[in-house]
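Visitor: I would like a close look at one part of this model, followed through from its strand pairing to its side chains and then set against the rest of the chain. Could you take me through it slowly?

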Amino acid sequence: MEYPDYSEEEMEKRIARFRGMKPNKMAFLDTRLSDHFRDIFNVIGTGVNENVDTMPAISSVNGFTVAYNGCEPGKGAALHSHETCEVFVPLTGKWSVYWGMEGDHEAILDPFDVISLPTGILRGFKNVGEEYS
């Protein structure tokens with residue numbers, strides 16, 4: 001078997017350097033509503049992004065997407081659904097991930113907890129901590 005060889009320059013295109021990323025505050029329709037203001041950092045692929053101007057840090061997606069979200073307390077994503085699985089991992093703070101037709105189910109996540117939301121269900125999330133996270 002022959003293995004590919006990548007130079008440092010080629011591999012740099014596959015590294016997302018957070019210090020160089022700029023958030024998109026208008027990636028989705030709900031980000032225009034005050035309860036859903038948030039910073040969205042597209043790391044790998046554009047995913048289900050609704051703003052064509054958003055470019056990911058790593059464009060070679062290999063079939064999946066990674067994005068970071070950050071927002072003030074009480075803000076987050078409205079109920080929405082995807083035809084893809086959504087994995088949510090808070091890096092800081094305390095987050096509510098909710099789901100169901102009315103968002104009546106909820107899990108509170110701490111940093112580095114992981115939830116995998118199946119395809120087709122309505123889901124949303126919000127910062128329930130006390131600071132930007």
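**A hairpin and its surroundings**

Guide: In this predicted model, a good place to begin is Trp95, which stands opposite Leu109 in β6. That pair belongs to the antiparallel arrangement of β5 and β6, which are joined by five bridges. The two strands form a hairpin with five residues between them, and in this hairpin Gly100 takes a positive phi near 110°.

Moving to the loop between β4 and β5 (95-99), one finds Gly93 there. Gly93 has a relative accessible area of 32%, so this glycine counts as partly exposed rather than buried, the limit for buried being under 20%. Once its neighbours within four places in sequence are left aside, the residues in contact with Gly93 are Leu109, Asp110, Pro111 and Ser133. Leu109 thus appears both as a contact of Gly93 and as the residue that Trp95 stands opposite. As for the far side of the chain, the C-alpha atom of Gly93 is separated by 32 Å from that of Met11, a residue 82 places away along the chain.

Asp110, another of the contacts of Gly93, also takes part in a salt bridge, in which its side chain meets that of Lys94 at 2.7 Å, N to O. Because Lys94 lies in the loop between β4 and β5 while Asp110 lies in the loop between β6 and β7, this pair ties together parts that are 16 residues apart in sequence. Both partners count as partly exposed, with a relative accessibility of 35% for Lys94 and 32% for Asp110.

The loop between β6 (105-109) and β7 (115-117) also holds Phe112, which, at 62% relative accessibility, counts as exposed because the threshold for that class is over 50%. Phe112 is one member of a nonpolar patch on the surface, formed together with Val87, Val89, Leu91 and Val114, and these residues have about 490 Å² of accessible area together.

A contrasting environment is found at Glu86, which lies in strand β4 (residues 86-88). With a relative accessible area of 15%, Glu86 is buried, since that value falls under the 20% cut-off. The side chain of this glutamate makes a polar contact with the side chain of Arg123 at 2.8 Å, and another with the side chain of His82 at 3.2 Å. Setting aside neighbours within four places in sequence, Glu86 is in contact with His80, Ile115, Ser116, Leu117, Arg123 and Phe125.

Several of these names lead on to another pair of strands. Strand β3 (residues 76-80) has four of its five residues buried, so β3 is largely enclosed by the rest of the structure. Three bridges join β3 to strand β8 (residues 123-127), and the two run antiparallel; within this pairing, Gly76 stands opposite Lys126 in β8.

For comparison with the bridge between Lys94 and Asp110, it helps to look at other charged pairs, for the structure holds four salt bridges. In one of them, Asp39 is paired with Lys25, with the closest N and O atoms 2.4 Å apart. This pair links distant parts of the chain, as Asp39 is in strand β1 (residues 39-44) and Lys25 is in the loop between α1 (8-12) and β1, 14 residues apart. Asp39 is buried, with a relative accessible area of 10%, whereas Lys25 counts as partly exposed at 48%. Another salt bridge joins Asp30 and Arg38, whose closest N and O atoms are 3.2 Å apart, and here Asp30 and Arg38 are both buried.

Finally, these details can be placed in the whole chain, whose secondary structure comes to one helix and eight strands, with the helix coming before the strands when read from the N terminus. The C-alpha trace spans about 50 × 30 × 30 Å along its principal axes. Of the 133 residues in the chain, 33% are buried, and the accessible surface comes to about 8800 Å², of which carbon and sulfur atoms account for 54%. Among contacts between residues at least 6 apart in sequence, 56% join residues at least 24 apart.

Key. Residues numbered from 1 in each chain as written. Predicted model: local features only at pLDDT ≥ 70, side-chain atom pairs only at ≥ 80, totals over all residues. Heavy atoms only, no water. Buried < 20%, exposed > 50% of the residue type's maximum accessible area, 1.4 Å probe, protein only. Polar contact = N/O pair within 3.5 Å; in protein donor to acceptor, adjacent residues only side chain to side chain. Contact = heavy atoms within 4.5 Å. Patch = residues over 30% accessible without salt bridge, like charges linked within 9 Å, V, L, I, M, F, W, Y side chains within 5 Å. Areas by Shrake-Rupley, 256 points an atom, 1.4 Å probe, with all protein chains shown as cover. Pairing = 2+ DSSP bridges.
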